[in-house]
Each structure stands twice: as structure tokens, then as C-alpha cells.
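User: I would like to go through this model and ask, for a few of the labels attached to it, what each label rests on.

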Amino acid sequence: MSAVEAKLAELGLTLPEVVPPLAAYQPAVQSGVYVYTAGQLPMVEGKLPVTGKVGAEVTAEEAKGLARICALNALAAVKSVTGDLDRIARVVKVVGFVASASDFTGQPGVVNGASELLGEVLGDKGVHARSAVGVAVLPLDAPVEVEIQVELVP
């Protein structure tokens with residue numbers, strides 16, 4: 001077990017199976033020392049635990065928890081191409097998309113769910129640049145989608 005997966009276990013989490021693509025793309029691609037993930041939905045055992053817009057059908061707190069799941073799925077996608085999460089030198093960038101009700105402006109707080117998970121699991125290596133964007137709708141009516149870019153140890 002890698003040190004990163006041991007930390008996940010310490011937090012009561014396990015790395016899930018990679019979420020299969022919903023269309024014509026790969027869950028993650030490595031280019032040089034970087035791995036870019038596709039947008040990861042908060043899928044749990046092949047299903048979305050909740051659907052709808054944040055600020056309407058989904059609370060900000062629920063969405064923050066879903067963003068954590070997205071980040072966990074993103075780590076699984078990284079492992080699928082690297083074989084070992086201990087190869088992560090740092091998380092470079094996180095982009096979070098929040099399907100938002102028209103008056104919802106708390107996207108940064110929602111995407112904190114992903115950022116905080118990466119910090120808990122990777123420590124200083126999890127500190128990253130980030131964008132948190134409100135959108136009208138996401139695939140499968142998911143409330144949140146997160147993608148990450150990581151740099152690997154050469």
C-alpha cells in the first residue's frame with residue numbers, strides 16, 4: 001500500500017475503482033511529468049448519490065461533500081495511469097464546476113471539498129491553484145464536477 005493510500009485509510013477512505021468514461025475520452029492522460037484528469041463526477045459505485053442544482057435541490061454543504069468524492073475519483077484516475085499515488089510531486093491545479101441555481105454564488109465553498117481532501121491526503125503536495133466555476137448544468141444532472149492536474153516526481 002502506498003503512503004497516500006495509507007493516509008486515505010487513516011481518514012476512513014478507500015480509493016475507488018476508476019469511473020468509466022461517459023463518452024469518448026480517457027479518465028486521465030499523462031504527458032511528460034504531468035497527469036491531467038478528465039472531469040470527475042461524484043460517482044459512488046457507478047451512481048450519482050444526488051442530482052440537481054446547488055442552491056436549489058442540493059445544499060452547499062451536500063455539494064461540498066460531493067466535491068470530496070470527485071477529488072477521490074480524480075486520485076483514482078491518476079493512479080490508473082501512474083500505478084502509484086506516491087509518484088505525485090504536487091497537485092498543480094484543480095478546476096471545479098458547480099451546477100448552480102441562478103442566485104447561488106458559493107461555488108468556492110463547494111469546491112473547497114475537493115481542495116480540503118487533497119490537502120488532508122497529500123499535505124503540502126496537495127496545495128494548488130484553483131478555479132471554481134458556476135455552470136447551468138453538468139452531465140447526468142450532477143451537482144459538481146472536478147478535474148485535477150498533478151506533477152509527478154521525475
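Analyst: The turns below take up burial, the nonpolar cores, the pocket and the domain record, and the model is a predicted one.

User: Why is Thr 82 called buried?

Analyst: The relative accessibility of Thr 82 is 11%, and buried means under 20%, so Thr 82 counts as buried. Thr 82 has its place in helix H2, and, once its neighbours within four places in sequence are left aside, Thr 82 is in contact with Gln 30, Val 35, Arg 87 and Leu 152.

User: Why does Gly 134 count as partly exposed?

Analyst: Gly 134 comes out at 40% relative accessibility, and because buried means under 20% and exposed means over 50%, with partly exposed in between, Gly 134 falls into the partly exposed class. Gly 134 sits in strand S4, which covers residues 129-135, and, not counting residues up to four places away in sequence, Gly 134 touches Val 98, Ser 100 and Gln 107.

User: What makes a set of residues a nonpolar core, and which residues have the most contacts inside the largest one?

Analyst: The residues of a core must be buried, of the nonpolar kinds counted for this purpose, and joined through side-chain atoms within 4.5 Å. The largest such core has 35 residues, and Leu 118, Val 144, Ile 148 and Val 150 have the most contacts inside it. Helix H1, H2, strand S3, helix H3 and strand S5 each give two or more residues to this core, and H2 gives the most, with ten residues. Another core, of seven residues, lies apart from the largest one and includes Val 19, Leu 41, Met 43 and Leu 48.

User: Which residues is Ile 148 in contact with, beyond its neighbours within four places in sequence?

Analyst: The contacts of Ile 148 include Val 35, Tyr 36, Thr 37, Ala 74, Leu 75, Val 78 and Leu 118.

User: How do you know what lines the largest pocket, and how many residues are involved?

Analyst: A lining residue has an atom within 4 Å of a pocket point, and 16 residues line the largest pocket, with Pro 16, Met 43, Val 44, Glu 45 and Asn 73 nearest its centre. The pocket holds about 270 Å³ of space, and its lining divides into eleven nonpolar, two polar and three charged residues. Helix H2 (residues 60-82) gives the most to this lining, with four residues.

User: Where does the domain name come from?

Analyst: The name comes from an unreviewed UniProt entry, which lists "domain: Endoribonuclease L-PSP/chorismate mutase-like" for residues 5-148. Over residues 5-148 the chain is 31% helix and 22% strand.

Key:
Residues numbered from 1 in each chain as written. Predicted model: local features only at pLDDT ≥ 70, side-chain atom pairs only at ≥ 80, totals over all residues. Heavy atoms only, no water. UniProt positions renumbered as here; feature names shortened; annotations may be inferred. 1 Å grid on protein atoms, 1.4 Å probe; cavity = no way out; pocket = protein on both sides within 12 Å on 5 of 7 lines; lining within 4 Å. Points joined across faces, edges and corners; volume = space filled by probe spheres on them. Nonpolar A, V, L, I, M, F, W, Y, C, P; charged D, E, K, R; others polar. Buried < 20%, exposed > 50% of the residue type's maximum accessible area, 1.4 Å probe, protein only. Contact = heavy atoms within 4.5 Å.
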